[in-house]
Amino acid sequence: MRLLTTIVLAFLIAACSTTPTKPTLYERLGEQDGIATIVDNLLFEIGGNETLLPFFAETDINRFREKLIEQLCQVSDGPCDYTGDSMAQVHAGMELNDSHFNALVTDLVVAMAEAGVDTGAQNDLLARLVPMYDEVMNPDDYLEPGASSLDPAADPVAP
């Protein structure tokens with residue numbers, strides 16, 4: 001009986017150790033370098049997008065890039081913590097509409113495709129970003145009464 005138990009235990013350990021693990025979204029996006037490439041591609045796309053470009057006129061692009069990389073890393077289960085402002089703070093006063101939102105999503109999809117991210121990973125990232133939609137589009141609903149949006153000259157982050 002002891003031999004049988006040992007054999008079964010050894011089999012189970014071997015089976016567990018050879019089972020491939022599914023890569024995280026962070027890994028599927030290319031980890032830190034891949035996410036940085038996606039963000040750089042997105043910035044290039046925004047630079048040519050007349051619908052979005054005006055929102056970035058006063059933006060500190062280096063800070064925007066850094067915080068977006070952090071955010072995409074965190075949301076994709078990477079080893080990062082997002083240290084930026086809330087989506088409500090960042091987007092307050094912008095009066096965004098669905099055409100702005102859709103333009104950014106389109107540019108993000110192009111940026112991911114240009115980075116070689118497969119369609120499944122693209123869809124998975126977009127699905128993880130969807131919960132931010134309401135806070136981005138209706139920031140006043142998320143801000144404390146009397147709170148103001150960020151001073152764009154002091155701390156601009158995103159459109």
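User: How closely do the axes of H3 and H6 come, and at what angle do they cross?

Analyst: In this predicted model, the axes of H3 and H6 come within 8 Å, with a crossing angle of roughly 130 degrees. Angles over 145 degrees would count as roughly antiparallel and 65 to 115 as roughly perpendicular, so H3 is oblique to H6. The crossing of the two helices is right-handed.

User: Which residues of H3 and H6 make the contact?

Analyst: From H3 come Ile38, Asn41, Leu42, Glu45 and Ile46. H6 contributes Leu104, Asp107, Leu108, Val110, Ala111, Met112 and Glu114. Sorted by class, eight of the residues in this contact are nonpolar, one is polar and three are charged.

User: How should one read a nonpolar core, and how many residues has the largest one here?

Analyst: As a general idea, nonpolar side chains in soluble globular proteins tend to be buried together. In this structure, the largest nonpolar core has 27 residues. Those with the most contacts inside this core are Leu29, Ile35, Ile38, Val39, Leu72 and Leu125.

User: Which elements give two or more residues to this core?

Analyst: They are helices H2 (25–28), H3 (31–47), H4 (61–75), H6 (98–114) and H7 (119–129). H3 supplies the largest share, seven residues. Apart from this core lies another, of five residues, including Met94, Leu96, Val136 and Met137.

User: With which residues is Leu29 in contact, leaving aside neighbours within four places in sequence?

Analyst: With those neighbours set aside, Leu29 is in contact with Gly34, Ile35, Ile38, Ser76, Val117, Ala121 and Leu125. Among these partners, Ile35, Ile38 and Leu125 are also listed with the most contacts inside the largest core.

Methods: Residues are numbered from 1 along each chain as its sequence is written. This is a predicted model: local features need pLDDT of at least 70, side-chain atom pairs count only at pLDDT 80 or more; totals for chains, interfaces and linings use all residues. Side-chain values use heavy atoms; hydrogens and water are left out. A nonpolar core is a set of buried Ala, Val, Leu, Ile, Met, Phe, Trp, Tyr and Cys residues joined through side-chain atoms within 4.5 Å. Buried means under 20% relative accessible area, exposed over 50%, partly exposed in between (1.4 Å probe, protein chains only). Helices (H or I, at least four residues) and strands (E, at least two) are DSSP runs, numbered from the N terminus. Contact means heavy atoms within 4.5 Å. Axes are lines fitted to C-alpha atoms, for helices over the stretch in contact, and angles run from 0 to 180 degrees between N-to-C directions. Angles under 35 degrees count as roughly parallel, over 145 as roughly antiparallel, 65 to 115 as roughly perpendicular and the rest as oblique. A crossing is left-handed if the near helix is turned anticlockwise from the far one by less than a right angle, and right-handed if clockwise. Ala, Val, Leu, Ile, Met, Phe, Trp, Tyr, Cys and Pro count as nonpolar, Asp, Glu, Lys and Arg as charged, and the others, Gly among them, as polar.
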